[in-house]
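User: Please take a close look at one proline site in this model. Then carry on from there and tell me what else in the backbone and packing deserves attention.

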Amino acid sequence: MDAAGDYAWPRATSELMLLPVTGLECVRERLLAGEGPDMLVYSLDFGGHLRMMKRVQNLLGHYLIHGFRVRPEPKGDLDVEAMVATFGSKGLRVVKMSWGQGRFRELWRSGLWTMADWVWDARWLEGNMALALGHNSVVLYDPVIGCLLQDVPCTDRCTLSSACLIGDTWKELTVVAGAVSNQLLVWYPAAALVDSKPVAPDRRVSGHVGAVFSMSYLESKGLLATASEDRSVRIWKVGDLRVPGGRVQNIGHCFGHSARVWQVKLLENYLVSAGEDCVCLVWSHEGEILQAFRGHQGRGIRALAAHEKQAWVVTGGDDSGIRLWHLVGRGHSGSGVSALSFKSPSRPGALKAVTLAGSWRVLAVTDSGVLYLYDLEAKCWEQLLEDKRFQSYCLLEAAPGPEGFGLCAMASGEGRVKVVPINTPTAAVDLTLFQGKVHSVSWALRGYEELLLLASGPGGVVACLEVTAAPSGKAIFVQERCRYRLPPSKQRWHTCSAFLPPGDFLVCGDRRGSVLLFASRPALLQELGLGGRAETGAEAGAGELGDGGEGEAAVTEWGPVSVLRSLHGKQGVTSVTCHGGYVYSTGRDGAYHQLLVRGGQLQPVLRRTCCRGMSWVAGLRVMADGNTVILGFHANEFVVWSPRSHEKLHVVRCGGGHRSWAFSDTEAAMAFAYLKDGDVLLYRALGGCTRPHVLLRESLHGREITCVRRVGTIALGPECELPGFMQPDDLEPGSEGPSLIDIVITCSEDTTICILALPTATGSAHALTAVCNHISSVRAVAVWGVGAPAGPPGLTARVVSAGGRAEMHCFNIMVTLDPGAPSRLACHVMHLSSHRLDEDWDGQRRRHRAVKVDPETRYMCLAVCELDPPDLGPLVAAACSDGAVRLFHLQDAGRRLQLLAETFHHQRCVLKVHSFTHQAPGRRRRLLLCSAATDGSLAFWDLTTVLDHGSAALEPPADPGLPHQLGPPCLTVQAHSCGVNSLHTLPTRGGHLVASGSEDGSLHVFVLAVELPERGEAAGGAELAPQLHVREEHSVPCAHAAHVTGLHILSPSLMVSASIDQRLTFWRLGHGEPTFINSTVYHVPDVADMECWPVSPEFGHRCALGGQGLEVYNWYD
C-alpha cells in the first residue's frame, strides 16, 4: 500500500534500540554484539578506555542477528581491520571494518542476502561461506556477489534446533546437527557424489531427552559439548570429527541449571554454559562447577562469548544487558571459608561472641570472660585479658576505623562496660553504667576526630560515652557525655548508631524498628532551637522496674529530636549509614530505606527491597565508586548483594544470622567471621566486596515494558559535553550546540520503574535510577507538575505509578547535573504516598456486609486531571480490571492519596483512561475524562465540578466508609467491537479530535463537539454539565494486522499508530477517512505502549516504543 508522493513524509528512522542481546563474539580486544538488526562494537582495551566504539544500524534489515564469524587472516592484523560475516534468521551480510587507533570505520559491506531457510551456523571456507540451514542442509555461498555455489541436503531432512560446522575446507567440512528427535546427526557434505544429492548421516548420537540448543567443539582435545532443553550440559569424547566413523563417548553429564540451557562454549580449561535461569556457569571438563555468574534478569541469557587469552566471559541477556566476567579457575586462593581452630585444652570455655577489628584481626570472648585475639598474619590465638565479671553474658563490639585502629568494647549483664585497646589490653577502662543488664553496644565514628560508644541499659536509657586516646597512644580516656532515652516499647534498646555529617546529630535504630535522631551534644538543642525534651532519671524512671539506682536519679536523659516509628517493623533496625546527604537504614523486614534530615526532622525518601528471599537485611556499604552493596541473610546463607548489577557478589553458608557474626570491608579484603560448632569460621575475599566484572551495558528491564512516559527535556551546555560513540561525520543535523537530553520513565512486568536519560545527539541511553516499591507488575505511569529546581539546570516532576494488586505509589523525582556521572546527570527520588484498595480492610467495621476488593485487581491505565485552582491537588483516574473507573485525590503535594469516587458503568475490564480539557472564551475551563473498555465502548465524563460543594457530578456512597459514586457519563460511543488498547485526543477549532485503536487492528477517529449551557440556565446555583456530540465519525477496519497498542495525534492532519504487527504507520487526517501515508518496521516485539513528543524545530519528533525492549524513532517535520 502506498500513498501519493506529496504525502510521503514523515519518514521515521530508528535512533536507539534496547533489545535482547542475541549474538556476541570476541575479536582480539574488540567485542561484537548483536541487538536486533544492529551491531554494537565495543573496545575492551583496559589499557585505555572501556567504551562503545560504534553502533552499525540496520545491518541485517528486518532480521535479528544471531552470530558473527570473523574471516581468518593469516597475514592480516585483526587489531586494525577485519572481515565479519553477520547472520541471523534467514539473512547474511558481510562487512569489512577498520577499528585501529580507537576509531571505527566501515570500509565495505555486501548486500543483504536472504537464504531459503533459517541459518543455524556459518563458517568461512577459503573466502566463501558455508551455511548450515534449518532443515539439515548445507550451502556454500559467495557472500561478495551473493551467489549460491553448492547446496547439499542430508537424507534426514528434519527440523533442526541447532547446528555446528567444523573444518576449514569444503572437503573436510563436518556438520553436527541437533535434530528434532533429540539426536545429534554427524554427516559430511563433501560425500555427495553429485551436487544436491542427499548425504546420509555418518553417526547418530543419543543421550539428551530434550532438544539440543547449542554445541561447541574443541579440536585440540577432541571434545564436544552440547546444551539442551533438558536443563543439562553433556560432554562427549569425539576425537577428530573431520574423520568419518569415529567413536563417540559421553564422558560428562552436568546438571546445574534450573531451566533450559541456551548456550555452551568449550575452552581449553573450562566449559561455560548459560541458560533460561539467567545464570552463567563455569565448569571443569570433568563436570565440576567452578564459578557461577548471576546478575542478568528476565527470561535468560541468550548470547555467550569468551576470550581465552584474557580469561574473560561475556554474556548478553534478554534484559538488554551485556556483562563481562573474569575467570578465576579452580582453587582460587583469594576467597574461601576457613576454621580458625579455637578449640584447645589451653583455651577453656565456650565461645559467646566474635567481632572483627579490620579485615585481619579477629576477636572472640568466651563464657569464662576471656578475650582472645587471632591475627591472620601470625595465624595463632592470643589471650588479651580475663575478667570474671564478664562470664556467662558478654557483648563484644569492635570500633570502626582503618586497619590497626584497635579498640573494642565489652558489656556485661550487670551494667558494666569495658573499653579495651587491642594493642595494650592492660590499659582497659572499666565503667559501671547501669544497675541492670546492658542490652546492646554500638560505636559511632566521625572521621578521625570523634569516637562515641553507646550502651543501652534498662528502661530505654542509652549512655553516650566519649572515647579519646592519650597523646602517647598507650592509654585511653572514657568519659560519659550524656544520656538518651528511647521511646517506650517492649524491647527498649538501640541496635545501631552513626554520626550524621557534619556531626551535630546521631542517627540510631532501635529493636522496635524505629529510626531516631538525637543531638550529639545536648547544648546544640538550644542553639538550633530544636526539640528533644530532657528528663531526669527519677522522672523518666517513675513506674518502671529495674531502671537504675540512686546514683542515676540526677542524670539528665535527652529524648530524640525526631522519630520514625516502626519504620522497619517489629524485628528491628540492623544498621544506619550516612552518605551523600542521606541516611540509609536497614532492617529485618527485608528492606532498606533512604531518609533525609531536613530542619532537624527525619523524612522518608524511598523504600527499596533486596533480592527475593532476603528477609534479613543486615547492613549497607557504600563503595569507593559510589555504588552500594547490601549485606543480609538469605535462608541459611550470608549474602553480599549488589543492587546495581542484581547479583550476589559473595555467598557464605553460615547457617543463618541467629548467631554471633561480624563483617568488615577494606580496600584490601572483605572478611566475614561467625561462630559455628564451637569454633570461629572466617570467610575472606581479597579485593573487598566488589567482584571483578564489568557492566558493558546496563540492564533495562527483566520483563516486558508496559508503559513509557516522557517527563521533560534538559539542555546541557558545552561544559557538560556528553560522551558518545558517534563521530563528527555521523552526527545528526541540529546536534551542534547545547545537548538535549530527554528524561523518560518506563515501567515493567518485573515490578520496577526505570528513569532513563536519552540524549538526542549520541544515540545512547543511560539508566539514572530504578524504583522497586511495587510488589507486583507495574502497568501504568502518569506524570504531572513538571518544573525546574531552584539553582542549577535540572528537572523536577511528580509521578504516580500503578499496577497489580491494586497498588498505587506517588513519588517525586529531581534530575540534576552531575559532571562525574556517565550521563552527566543524577536522579533523586522521594517517595510521597501509596495506596492499596484492601489495605484498610482489616480495620473496617461491618466487614460482613461488604464485598472485599479482589486482591488480583489491576490498574490498567492512569490519567492525571489537574483541577482549577492548582492548590486543590490533581485527580488521578485509574482504569481497573474489575470494571471500575476510580478517581483518587492527591493532596498535600502528593503526600496524601485518597480514593474519592468510583463507577462501574462499563461492567467489564476498563483498559484505557485519558483526560483532556475544553476551554471556551470567557467560560470556566472544563475537565473531561474518557474511558475505554473491552467491549469497544468509550465513555466521557465531566469532572470540572467533582470537588465543588454540592456538586451533582458525585452521588453519595451506598454505605458509609465507601467512596462516592461517579455519576452517569455525558456520552457513550460504541467505537469498536472489541477491546480498546490505545486512545488519544487533540483539541481543534471544531471540537476535539478523538482517535482509538482496537484489538482487531481497526482505527476509529471522530470529532467530539462540546456545547456549554448558557449562563443562568442552572437552577439553584448548580452548574449544568456540557452537552457532548459526535461529528465526522470515520473508521479504518484493517489498519493493522494485530492489536493497535499505540496511537498519537500529532496535528489535525497527521496521526501515527503502532501495533503488535511491528509497524509504525503514519496517517493523513482531515479529508474524510484516515489515509495511509507510509509505514516503518520496528524491531520491538509485543509493543504495549508508545509515547511521542516534539524535541525541537531542528530535531523534530521522537517516539519511544516499549514492549519486549525499547526502541526510539525520530522524524522531521
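**A proline site and its wider setting**

Analyst: P502 sits in the loop between strand 43 (494-500) and strand 44 (505-510); strands here are DSSP runs of E with at least two residues, numbered from the N terminus. The peptide bond between P501 and P502 is cis, with omega at about 5 degrees. Most peptide bonds are trans.

The model is predicted, so local features need pLDDT of at least 70 and side-chain atom pairs 80 or more, while totals for chains, interfaces and linings use all residues. Numbering starts from 1 along each chain as its sequence is written, and side-chain values use heavy atoms, with hydrogens and water left out.

Two other loops also have unusual backbone angles to check. Take S392 to begin with. It lies in the loop between strand 34 (380-386) and strand 35 (394-398). Its phi is near 70 degrees, a positive value in a residue other than glycine. S392 is exposed, with a relative accessible area of 55%. Exposed means over 50% relative accessible area, buried under 20%, and partly exposed in between, for a 1.4 Å probe and protein chains only.

A635 is the other case. The loop between strand 54 (628-634) and strand 55 (637-642) holds A635. Phi of A635 is near 60 degrees, again positive in a residue other than glycine. A635 is exposed too, at 63% relative accessible area. Most residues other than glycine have a negative phi.

Now a glycine with a positive phi. G36 has a phi of about 65 degrees and lies in the turn of the hairpin formed by strand 3 and strand 4, with two residues between the strands. Strand 3 covers residues 30-35, and it pairs with strand 4 in the antiparallel sense over six bridges. Pairing requires at least two DSSP bridges between the strands. E35 stands opposite D38 in strand 4.

Strand 4 has a second partner. Strand 5 (residues 51-56) pairs with strand 4 in the antiparallel sense over five bridges. Here M52 of strand 5 is the bridge partner of Y42.

How many residues of strand 4 (residues 38-43) are buried? Six of the six are, so strand 4 is largely enclosed by the rest of the structure. The burial covers both directions. D38, L40 and Y42 point one way from strand 4, M39, V41 and S43 point the other way, and all are buried. In a regular strand the side chains alternate between the two faces of the sheet.

Next, two buried strand residues with contacts far along the chain. L218 belongs to strand 19 (residues 212-218). At 8% relative accessibility, L218 counts as buried. Its C-alpha atom is 7.0 Å from that of L267, although the two residues are 49 residues apart along the chain. Leaving out residues up to four places away in sequence, L218 touches L223, L266, L267, E268 and H285. Contact means heavy atoms within 4.5 Å.

T903 is in strand 72 (residues 896-903). It is buried, with a relative accessible area of 6%. The C-alpha atoms of T903 and Q965 are separated by 5.7 Å, with their positions 62 residues apart along the chain. Again leaving out residues up to four places away in sequence, T903 touches G883, A884, V885, W941 and L966.

Further along the chain there is an open sheet. Its four strands run in the order 73-74-75-78, and the pairing is antiparallel. Strand 73 (910-918) and strand 78 (971-974) stand at the edges; each has a single partner strand, so one side of each is left without a neighbour in the sheet. Strand 73 pairs with strand 74 (residues 926-933) in the antiparallel sense over eight bridges. H914 stands opposite C930 in strand 74.

Last, the empty space. A search of the whole structure finds three cavities of 30 Å³ or more. A cavity is a set of points on a 1 Å grid over the protein atoms alone where a 1.4 Å probe fits but cannot get out, and lining residues have an atom within 4 Å of a point. The largest has a volume of about 70 Å³, the volume being the space filled by probe spheres set on the points, which are joined across faces, edges and corners. E866, L867, D868, R924, R925, L927, L943 and T944 line this largest cavity.

Methods:
1 Å grid on protein atoms, 1.4 Å probe; cavity = no way out; pocket = protein on both sides within 12 Å on 5 of 7 lines; lining within 4 Å.
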